[in-house]
Amino acid sequence: MDWDHLELKPSVLLAVKRAKIQSTKEILSLSGLELQTLLKLSQDDVLHLQKIVAASIRKTPAITALQLHQGECPSFDQTTKLSLGCPILDKFLRGGLPLVGIAELAGESSAGKTQICMQLCLSVQYPQKYGGLGAGAVYICTEDAFPAKRLQQLISLQHRLRPEVPVDVMRSIAFGNNIYIEHAGDLESLNMCVSKRIPILMSRGLVRLVVLDSVAALFRCEFEAKDAIVKAKHLKTLGATLHNLSSSFKTPIVCVNQVTAAVDESRLMEGSFGILEKKVLPALGLTWSSQVLIRLMVSRTHLSVQDRFPQLTNHLWHLGNILRTMEVIFAPHIAQSFCFYTIAMDGVRGIQANNAEQASTLNT
Amino acid sequence: MQREVASLALAPTIKAKLIGAGFVRVGDLHEVSAAELRIEAGISLQESTEVLQTVFPRSHEKGSETRWMKATEILEQEKSCRSISTFCAALDTVLGGGIMTGKMIEICGTPGVGKTQLCIQLAVNTQIPASFGGVEGHSVYIDTEGSFLVDRVVDVAEAALQHCKQQHGKTGQLGALENFTLETILSNIFFFRCHDYVELLAQVHLLPDFLFKHPKVRFLVVDSIAYPFRHEFEDLSVRTRLLHGLAQKLLQLASQHNIAIVLTNHMTIRLEQNNSALVPALGESWGHVSPQRLVLYWQGKQRFASLTKSSRQKEQMVPFQITSHGFHDVQLFQSQVTASISSATSNTTTVNARKRCRVEDDDEHEDCL
């Protein structure tokens with residue numbers, strides 16, 4: 001640590017150097033009294049030292065909420081969002097995913113989690129004007145092999161999903177080449193991937209989205225019930241690493257999670273089931289939930305689109321047949337609510353429903 | 001006066017000189033002037049002044065200003081302290097009128113139950129003009145989790161404005177709302193993002209200067225105190241020490257600048273023999289730090305708030321809801337509310353979770369005695 005660039009009093013500077021303190025972190029971790037003894041300085045001098053050191057760490061001055069709102073601070077851009085590639089779903093999520101934070105997509109198998117993630121990987125590659133971030137994505141698989149065939153199909157049908165994007169813009173993007181697929185079979189390789197390999201891709205500006213499909217698989221198979229504390233520690237470390245990646249590169253992190261049936265009574269207090277009251281909770285417990293900014297739950301219903309929305313029959317060519325729901329369980333900026341969606345050949349689409357139609361679903 | 005000079009917060013060299021000159025106890029320094037001390041102990045004038053300031057804070061300069069406060073005086077003082085409304089009348093009642101300025105409160109809850117929502121609500125409500133019974137102050141928001149989304153602040157601020165306009169219509173206070181607009185609300189919320197505990201510690205060191213420059217700040221929140229301290233620590237005793245030091249500094253700021261301080265905390269599951277209980281995170285000793293603790297939790301589809309620790313209010317639990325406009329009372333028929341409360345009370349799981357941590361607190365107090 002080079003102390004000379006700090007504007008310290010000469011006597012204090014000398015004391016710090018003499019005490020062989022290595023880092024500013026060390027100074028802030030000691031109490032005032034400890035510093036006085038260690039550095040043999042007076043109370044005022046220690047206060048001076050603490051203030052100067054603190055100021056060297058906190059360089060950015062206070063930002064007001066107004067500046068955030070008007071998008072005046074590029075380091076805290078809250079006005080740009082990542083589009084899901086469907087205007088109805090984007091509207092449901094108030095513009096899309098925020099750039100910083102972990103978004104969780106939980107749901108039973110075959111609810112459509114992987115489909116949504118693949119669509120995000122394509123959507124992120126569009127220019128900002130069309131809801132993207134103009135960069136590629138990293139897709140970390142821990143469960144299955146990456147569905148490469150399906151991705152090719154989605155790419156070839158992008159013009160159908162996104163008719164608003166001009167043909168020349170779409171042609172200029174090499175969708176398939178910008179998705180970096182990683183297979184992580186165990187925790188160690190996952191940690192390696194998120195702490196070493198991904199930062200390299202990100203610092204080159206190649207990637208602005210990380211998908212982890214799924215976070216649950218590794219933790220559920222590697223730890224037994226009695227290892228709960230070790231598991232919690234690993235989860236916290238992984239969460240912190242992902243948070244760091246997200247905030248230093250302004251990159252959304254999407255984690256797929258499995259669900260577990262809520263049988264244990266004590267787990268009922270851990271959280272809300274949301275307004276649809278599915279009797280399942282996302283896996284991995286409270287430790288993981290505390291790391292998540294936005295929790296979305298997806299599931300498939302037993303209904304078909306025609307049953308619920310007969311007026312949409314004319315549009316069926318671009319809608320899938322099975323009606324699915326996407327629900328916000330929690331998010332700082334969105335109330336608990338849900339939205340219908342379908343999966344078709346060309347991708348994932350939300351369905352605009354009026355309040356009465358939504359309410360009737362709640363009652364059935 | 002019997003305190004030993006060796007135990008004072010002074011540089012060791014100075015302490016050695018003082019003791020060498022015969023100043024062993026604090027009482028020995030009584031009525032000694034800085035100039036006398038300089039000669040007696042053989043230290044510089046600056047050092048001797050510093051010594052006396054440390055030993056007799058304030059009283060040294062301003063004469064006999066330190067005096068006993070009577071309980072009635074403190075009561076008067078507290079009456080003049082305003083509180084910040086949550087917009088949920090039931091919750092306000094539980095808290096004794098809202099969140100008190102000059103005091104610290106810890107808010108615990110599971111993810112998604114509304115901790116951040118309550119903090120955003122308070123950051124906005126702090127600014128309600130005095131003519132509407134508000135505190136008319138500014139807010140500081142220290143975000144450690146990245147959950148402060150300005151979209152939500154705008155929602156809550158617009159709803160609060162609407163609320164005041166309706167009151168304004170009734171009472172007709174002219175001009176009171178001129179300086180209370182969306183822009184002013186947003187520009188009076190100061191936002192700091194701290195990514196780890198070192199940044200948070202640094203920020204707290206800088207707060208005294210910031211608050212000095214912004215004397216209108218009446219509300220400060222750290223959302224959350226738990227996140228930066230729940231990983232990275234191999235040695236938990238270091239964590240405890242840092243957390244307590246941090247809380248001590250914040251408590252001091254709260255009373256010095258008359259600021260309401262809110263710290264949010266996570267919940268964690270504690271396993272005991274055969275059952276598990278939901279308890280606030282950061283360990284048992286942290287529970288002693290904040291004088292008040294509010295726990296938010298789910299009971300089926302209903303959110304509840306429960307004051308589990310307070311030296312001034314009795315312990316109580318009330319339902320609340322969060323709408324797109326922010327915090328509100330539950331709009332149910334009275335019978336339904338009481339029914340849901342009684343069902344909540346009869347539900348052993350929740351009550352146990354709270355009771356248990358309470359009981360253990362008591363146990364520890366007894367241990368200390």
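**Reading a two-chain model**

Guide: Let's start at B:Ser224, which sits in the loop between β6 (217-223) and α11 (226-229) of chain B. Keep in mind as we go that this is a predicted model.

Visitor: Okay, is the peptide bond from B:Asp223 to B:Ser224 cis or trans?

Guide: Cis: the omega of the bond from B:Asp223 to B:Ser224 is near 0 degrees. Chain A has a cis peptide bond too, joining A:Asp213 and A:Ser214, with omega about 0 degrees. As for A:Ser214, look in the loop between β7 (207-213) and α12 (215-222) of chain A.

Visitor: While we're on the backbone, what is phi of A:Lys20?

Guide: Near 55 degrees, so to speak a positive phi in a residue that isn't glycine. You'll find A:Lys20 in the loop between α1 (10-18) and α2 (24-29) of chain A.

Visitor: Now the interface. How should I read the area buried between chain B and chain A?

Guide: The size of an interface is often quoted as the accessible area that is lost when the parts come together. Here chain B and chain A bury about 5,400 Å² between them, with carbon and sulfur atoms giving 61% of that. In residue terms, 58 residues of chain B are in contact with 58 residues of chain A.

Visitor: And how many salt bridges does the rule find across the interface of chain B and chain A?

Guide: Six. A salt bridge to pull up on screen is A:Lys81 with B:Asp151, where the closest N and O atoms are 2.9 Å apart. The rule also finds 15 residue pairs in polar contact across this interface, with both residues at pLDDT 80 or more.

Visitor: Which element gives the most to the side of chain B that touches chain A?

Guide: That's helix α10 (residues 197-213) of chain B, with 10 residues. Sorted by class, the side of chain B that touches chain A has 27 nonpolar, 17 polar and 14 charged residues.

Visitor: I'd like to trace the sheet next. What is the order of the 10 strands in the open sheet?

Guide: Strands of a sheet pair through backbone hydrogen bonds, in a parallel or an antiparallel sense. Here the order is β1(A)-β5(B)-β4(B)-β6(B)-β7(B)-β3(B)-β10(B)-β11(B)-β12(B)-β13(B), and the pairing is mixed. At the edges are β1 of chain A and β13 (326-328) of chain B, each pairing on one side only.

Visitor: In which sense do strand β1 of chain A and strand β5 of chain B pair?

Guide: Antiparallel: strand β1 (residues 63-64) of chain A joins strand β5 (residues 189-193) of chain B over two bridges. To find the register, take A:Thr64, whose bridge partner in β5(B) is B:Phe190. For a parallel example, go to strands β3 (residues 104-109) and β7 (residues 260-265) of chain B, joined by five bridges. There B:Cys108 stands opposite B:Asn265 in β7(B).

Visitor: Last topic, aromatics. How many aromatic pairs does the structure hold?

Guide: Over all chains, 13. The pair of B:Phe190 and B:Phe210 has ring centres 5.4 Å apart and planes at 80 degrees, so it is edge-to-face. This pair links distant parts of the chain, from B:Phe190 in strand β5 of chain B to B:Phe210 in helix α10 of chain B, 20 residues apart.

Conventions:
Residues are numbered from 1 along each chain as its sequence is written. Chains are lettered from A and ligands numbered from 1 in the order in which they are written. This is a predicted model: local features need pLDDT of at least 70, side-chain atom pairs count only at pLDDT 80 or more; totals for chains, interfaces and linings use all residues. Side-chain values use heavy atoms; hydrogens and water are left out. Contact means heavy atoms within 4.5 Å. Buried area is the accessible area (1.4 Å probe) that two parts lose on being put together, summed over both. A salt bridge is a side-chain nitrogen of Lys or Arg within 4 Å of a carboxyl oxygen of Asp or Glu. A polar contact is a pair of N or O atoms within 3.5 Å; within protein, one must be able to donate a hydrogen and the other to accept it, and residues adjacent in sequence count only if both atoms are side-chain atoms. Helices (H or I, at least four residues) and strands (E, at least two) are DSSP runs, numbered from the N terminus. Ala, Val, Leu, Ile, Met, Phe, Trp, Tyr, Cys and Pro count as nonpolar, Asp, Glu, Lys and Arg as charged, and the others, Gly among them, as polar. Two strands pair if DSSP finds at least two bridges between them. Rings of Phe, Tyr and Trp (its six-membered ring) pair if their centres lie within 6.5 Å; planes under 30 degrees apart count as stacked, over 60 as edge-to-face and the rest as tilted.
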